[in-house]
Amino acid sequence: MDDCLTAADRFWAHVAKVYTAPEIIREWPVQHRLPSGQEIHGRIDCLIRHKGGIAIIDHKSFPGTDVTAKAQSYAPQLALYRDALNDQGLNVTEMVVHFPLLGLMARLDC
């Protein structure tokens, strides 16, 4: 239980430090049709509306050490979310993978 509280405290401290006037939305539903006609459905773990635009944050449990490679493996998923939001006229400024077990945030190229 203490580990969960510590992870949450670290996450919220990061959000307060990095984002100006954040509006935090949890489990934001995403539906998007790709140019191929395929339709995607998902939920963004944490969408943060802030002064500069929108941040997409995806929580992943990963106890390993190669965080950079692991974060990059989620880039296609977050890029789909970004494209869906951009198509709705929303300005996605960053995509972040949060590793709560490690206390790390990995920012992906937007």
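**Close-up views of strand β3 and the cysteines**

**View 1. I48 meets its partner on β3.** In this predicted model, A55 in β3 is the bridge partner of I48. Strand β2, covering residues 39-50, pairs with β3 in the antiparallel sense, and 5 bridges link the two. To get from β2 to β3, follow the hairpin, which joins them through 2 residues.

**View 2. I54 and the pairing of β3 with β4.** Now look at the pairing between β3 and strand β4, residues 92-99: these two strands run parallel and are joined by 6 bridges. One pair to find here is I54 with its bridge partner in β4, V92.

**View 3. How covered is β3?** Strand β3 spans residues 53-59, and 6 of its 7 residues are buried, so "mostly covered" is a fair description, with buried meaning under 20% relative accessible area. As a viewing hint, side chains in a regular strand alternate between the two faces of the sheet.

**View 4. C4 and C46, two cysteines apart.** If you are wondering about disulfides, a search of the whole structure finds 0. C4 takes part in no disulfide, and its nearest cysteine sulfur, that of C46, is 17 Å away. For a pair to count as a disulfide, the two sulfur atoms must lie within 2.5 Å.

**View 5. Is each cysteine buried or exposed?** C4 has 55% relative accessibility and so counts as exposed, the cut-off for that class being over 50%. C46, with a relative accessible area of 1%, is buried.

Definitions and conventions: Residues are numbered from 1 along each chain as its sequence is written. This is a predicted model: local features need pLDDT of at least 70, side-chain atom pairs count only at pLDDT 80 or more; totals for chains, interfaces and linings use all residues. Side-chain values use heavy atoms; hydrogens and water are left out. Buried means under 20% relative accessible area, exposed over 50%, partly exposed in between (1.4 Å probe, protein chains only). Helices (H or I, at least four residues) and strands (E, at least two) are DSSP runs, numbered from the N terminus. Two strands pair if DSSP finds at least two bridges between them.
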